[in-house]
Amino acid sequence: MPFDWTSFVLEILNFLVLLWILKRFLYWPVLDVLDARRQAVREQVAQAEATRAQADEMKAQYESRMAAWQTEQEQARRELALALARERGAQLDALRQDLAGEKAKLQAREDALSASHEAALARKATAEAYQAAAAMLRRLASPALTAHIADLFVQDAKLLPEAQRTAVRDAASADAVVEVASAHALDEARRNRVVQALQELAARPLQPVFRERPELIAGLRVAIGQYLLQADLADELEFFRERHA
């Protein structure tokens, strides 16, 4: 088959036209799309890098914050333990003080009960001793004993201290009632000696009234106004009982 130059040239032209069309309407748009795609990928990569950097920064902040929080937590734990120890110590001290106070109160109550019991025993012993002494003295009491005590009263009246003599004189006013009570009756001579002794004490005449009072056991009791001169066993026993009650 003979070579056709015209067809060959036309085929060349067609090929060139096809190349131009492909380049004009396909190759360059594809390149533009690829460039845009590359740019988008680069932007996404950059954004991803920025996001990762931000995440790393947040992670570092979080770890720093966690470390600080753990430090604060440890410090708070130590402070709490110290505060609890102080509070426990204070409560233990308060408890010890309360226990010591209660122990002191209990000891005081026991001491008071013991003292009260001892006092009650002492009072009972004193009362029993008083009753025994009173019973014994009542058995020993007699008119002779009362007379002897009256004689001693007369003798002792002369030896009274000045303070008592002054008190007797002050009590023995003009309207003062003078009573001489005795456990047994006194004879006339002994009454006269008693009256004379009282007048010397009062430094004035007296008119005493004599009475018998068996409750005195033995001896006599003289009342000059509001002043008393006691020389009887009942008053002595009462003095003994009150002193040892």
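This tour moves through a predicted model, from a network of salt bridges to a strand pair, then to the nonpolar core and a buried aspartate.

**The salt-bridge network**

Begin by selecting Asp-151, Asp-187, Arg-190 and Arg-193, which are linked in a network of salt bridges; the structure as a whole holds 14 salt bridges. Within this selection, look at the side chains of Asp-151 and Arg-190, which meet in a salt bridge at 2.8 Å, N to O. Asp-151 belongs to helix α2 (residues 143-157) and Arg-190 to helix α4 (residues 188-202), so the pair ties together parts that are 39 residues apart in sequence. Now centre on Arg-190 and turn to Asp-187, with which Arg-190 forms another salt bridge, the closest N and O atoms being 2.5 Å apart.

If a surface is displayed here, which of these residues are buried and which are partly exposed? Arg-190 counts as buried at 15% relative accessibility, because the cut-off for that class is under 20%. Asp-151, with a relative accessible area of 22%, is partly exposed, and Asp-187 is partly exposed as well, with a relative accessible area of 36%.

**Strands β1 and β2**

Next, select strand β1 (residues 178-182) together with strand β2 (residues 209-212); these two run parallel and are joined by four bridges. Add helix α4 to the selection, and you have the three elements β1, α4 and β2, which make a right-handed β-α-β unit.

Stay in strand β1, where Glu-179 is found, and pick out Val-209, the bridge partner of Glu-179 in β2. The side chain of Glu-179 also makes a polar contact of 3.5 Å with the side chain of Arg-213. Selecting the surroundings of Glu-179, while excluding residues up to four places away in sequence, brings up Val-209, Arg-211, Arg-213, Arg-221, Val-222 and Ala-223.

From here, follow Arg-213 to Glu-215: the two form a salt bridge in which the closest N and O atoms are 3.7 Å apart. Both ends are partly exposed, Glu-215 at 48% relative accessibility and Arg-213 at 29%.

**The nonpolar core**

Return to Val-222, one of the residues that Glu-179 touches, and use Val-222 as the way into the interior. In soluble globular proteins, nonpolar side chains tend to be buried together. In this model the largest nonpolar core has 30 residues, of which Phe-153, Leu-198, Ile-217, Val-222, Ile-224 and Leu-229 touch the most other members. Colouring by element helps at this point, since α2, α3 (162-171), β1, α4, β3 (219-224), β4 and α5 (233-243) each give two or more residues to this core.

With Val-222 selected, and its neighbours within four places in sequence left aside, the contacts to display are Phe-153, Glu-179, Val-180, Leu-198, Tyr-227, Leu-228 and Leu-229.

**Asp-232 in strand β4**

Finally, select strand β4 (residues 227-232) and move to Asp-232, which lies in this strand. Asp-232 counts as buried, at 1% relative accessibility. What does the side chain of Asp-232 reach at 3.2 Å? At that distance is the backbone nitrogen of Ala-234, while the backbone nitrogen of Asp-235 lies 2.7 Å from a polar atom of the same side chain, that of Asp-232. To complete the view, show the residues that Asp-232 touches, not counting those up to four places away in sequence, namely Leu-216, Ala-218, Gly-219, Leu-220 and Arg-221.

Notes: Residues are numbered from 1 along each chain as its sequence is written. This is a predicted model: local features need pLDDT of at least 70, side-chain atom pairs count only at pLDDT 80 or more; totals for chains, interfaces and linings use all residues. Side-chain values use heavy atoms; hydrogens and water are left out. A salt bridge is a side-chain nitrogen of Lys or Arg within 4 Å of a carboxyl oxygen of Asp or Glu. Buried means under 20% relative accessible area, exposed over 50%, partly exposed in between (1.4 Å probe, protein chains only). A polar contact is a pair of N or O atoms within 3.5 Å; within protein, one must be able to donate a hydrogen and the other to accept it, and residues adjacent in sequence count only if both atoms are side-chain atoms. Contact means heavy atoms within 4.5 Å. Two strands pair if DSSP finds at least two bridges between them. A crossover is right-handed if, with the strands pointing away from the viewer, the path from the first strand over the helix to the second runs clockwise. A nonpolar core is a set of buried Ala, Val, Leu, Ile, Met, Phe, Trp, Tyr and Cys residues joined through side-chain atoms within 4.5 Å.
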